[in-house]
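Please look through the sequence and the fold below before reading on. The paragraphs that follow go from one part of the chain to the next.

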Amino acid sequence: MAKIPISFKVNGEQQEMLVEPDWTLLETLRDRMRLTGTKEGCSNGNCGACTVMIDGRTACSCLVLAGEADGREVITVEGLADHGHLTALQDAFIKEGGLQCGFCTPGFLISATALLKRNPDPSEQEIRLNVAGNLCRCTGYDKIVRSIQDAAQKMGTRAAN
Ligand code: FES
Ligand code: FES
């Protein structure tokens with residue numbers, strides 16, 4: 001099969017490459033670009049470990065073909081911190097113990113980042129609904145929800161000052 005050219009922005013940097021027509025965005029990010037923060041769990045859209053933002057909206061990168069990312073802007077977990085400075089959300093996950101093995105964490109961070117951009121003051125129910133597509137085998141979810149609430153509060157306080 002002939003490779004196809006794609007041009008897309010990943011974490012702020014323009015990328016041009018040839019990809020196999022059947023490569024997923026997840027394979028391209030992990031295997032081609034070595035952005036291994038995005039995890040592969042189920043490969044069928046059920047676990048959320050592979051969640052990235054495409055043009056500001058969350059998507060399971062295992063369900064998106066690399067060719068579909070042509071002309072789009074993709075943000076992975078590697079693109080969240082600003083020059084090594086963790087975001088309030090990343091800090092909150094550490095402080096509140098929102099991760100154990102960490103396998104699900106990149107997906108949760110992307111989903112929650114997108115939520116807090118849309119809705120800076122989400123209710124607990126809105127948080128739980130928003131991350132319902134992200135599975136965690138370790139934490140029992142409560143600490144993840146608390147981490148997101150803590151980040152929302154800090155971000156709100158920062159904006160008010
Ligand atoms: S690896 Fe994509 S949803 Fe599980
Ligand atoms: S921290 Fe292990 S799967 Fe969520």
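Which residue is the bridge partner of Phe8 in strand 2? In this predicted model, the bridge partner of Phe8 is Gln15, and this pairing belongs to a set of seven bridges that join strand 1, residues 4-10, to strand 2 in an antiparallel arrangement. Another pairing between these strands places Ile4 with Val19 of strand 2 as its bridge partner. Strand 1 and strand 2 form a hairpin in which two residues stand between the strands, and Asn11 in the turn has a positive phi of about 50 degrees.

This hairpin can be placed in a wider sheet. Five strands make up an open sheet with mixed pairing, and their order is 2-1-5-3-4. The edges are formed by strand 2 and strand 4, each of which pairs on one side only, and from one strand to the next the twist averages 40 degrees. Helix 3 packs on the sheet, where it touches strand 3 and strand 4, and its direction makes about 35 degrees with that of strand 3.

Strand 3 and strand 4 are themselves antiparallel and are joined by four bridges, with Thr51 standing opposite Cys60 in strand 4. These two strands also form a hairpin with two residues between them, and in its turn Asp55 has a positive phi of about 50 degrees. Strand 3 is further joined by two bridges to strand 5, residues 73-75, and this pair too runs antiparallel; here the bridge partner of Met53 is Ile75 in strand 5.

Helix 1 covers residues 25-32, and within it Leu25, Leu26, Glu27, Thr28 and Leu29 are buried. Strand 2, residues 13-19, is included in what covers these buried residues of helix 1. After helix 1 comes Arg34, whose phi is positive and near 60 degrees.

How far apart are the end C-alpha atoms of helix 3? They are 20 Å apart, and this agrees with the expected span, because the 14 residues of helix 3, residues 105-118, should span 20 Å at 1.5 Å a residue. Helix 3 is mostly covered, with eleven of its 14 residues buried; among them are Phe108, Leu109, Ile110, Leu115 and Leu116, as well as Thr105 and Ser111. The cover over these buried residues of helix 3 includes strand 3 (51-54) and strand 4 (57-60), together with helix 2 (88-96), helix 4 (124-130) and helix 5 (142-160).

The division into domains gives another view of the chain. Domain 1 takes in residues 4-79 and domain 2 takes in residues 88-160, and the C-alpha centres of domain 1 and domain 2 lie 22 Å apart. The contact takes 13 residues from domain 1 and eleven residues from domain 2. On the side of domain 1 that touches domain 2, strand 3 and strand 4 each supply at least two residues, and the largest share, three residues, comes from strand 3. The residues on that side of domain 1 divide into six nonpolar, five polar and two charged.

Two loop residues deserve a separate look for their backbone angles. Most residues other than glycine have a negative phi. His83, in the loop between strand 5 and helix 2, has a positive phi near 50 degrees and is a residue other than glycine. Is His83 buried or exposed? His83 counts as exposed, because it has 4 C-beta neighbours inside 10 Å, and the cut-off for an exposed residue is 12 or fewer. Tyr141, placed in the loop between helix 4 and helix 5, has a positive phi of about 75 degrees although it is not a glycine. Tyr141 counts as partly exposed, because it has 17 C-beta neighbours inside 10 Å.

The last residue to consider is Gln149, which is found in helix 5. Gln149 is partly exposed, because 17 other C-beta atoms lie within 10 Å. Apart from its neighbours within four places in sequence, Gln149 is in contact with Glu124 and Ile127. The C-alpha atoms of Gln149 and Asn119 are separated by 12 Å, although these residues are 30 residues apart along the chain.

Technical notes:
Residues numbered from 1 in each chain as written. Chains lettered and ligands numbered in written order. Predicted model: local features only at pLDDT ≥ 70, side-chain atom pairs only at ≥ 80, totals over all residues. Buried ≥ 20, exposed ≤ 12 C-beta atoms within 10 Å, placed from the backbone. Contact = placed C-beta atoms within 7 Å. Expected span 1.5 Å × (residues − 1). Domains from an automatic or database assignment. Nonpolar A, V, L, I, M, F, W, Y, C, P; charged D, E, K, R; others polar. Pairing = 2+ DSSP bridges. Axes fitted to C-alpha atoms, helices over the stretch in contact; angles between N-to-C directions.
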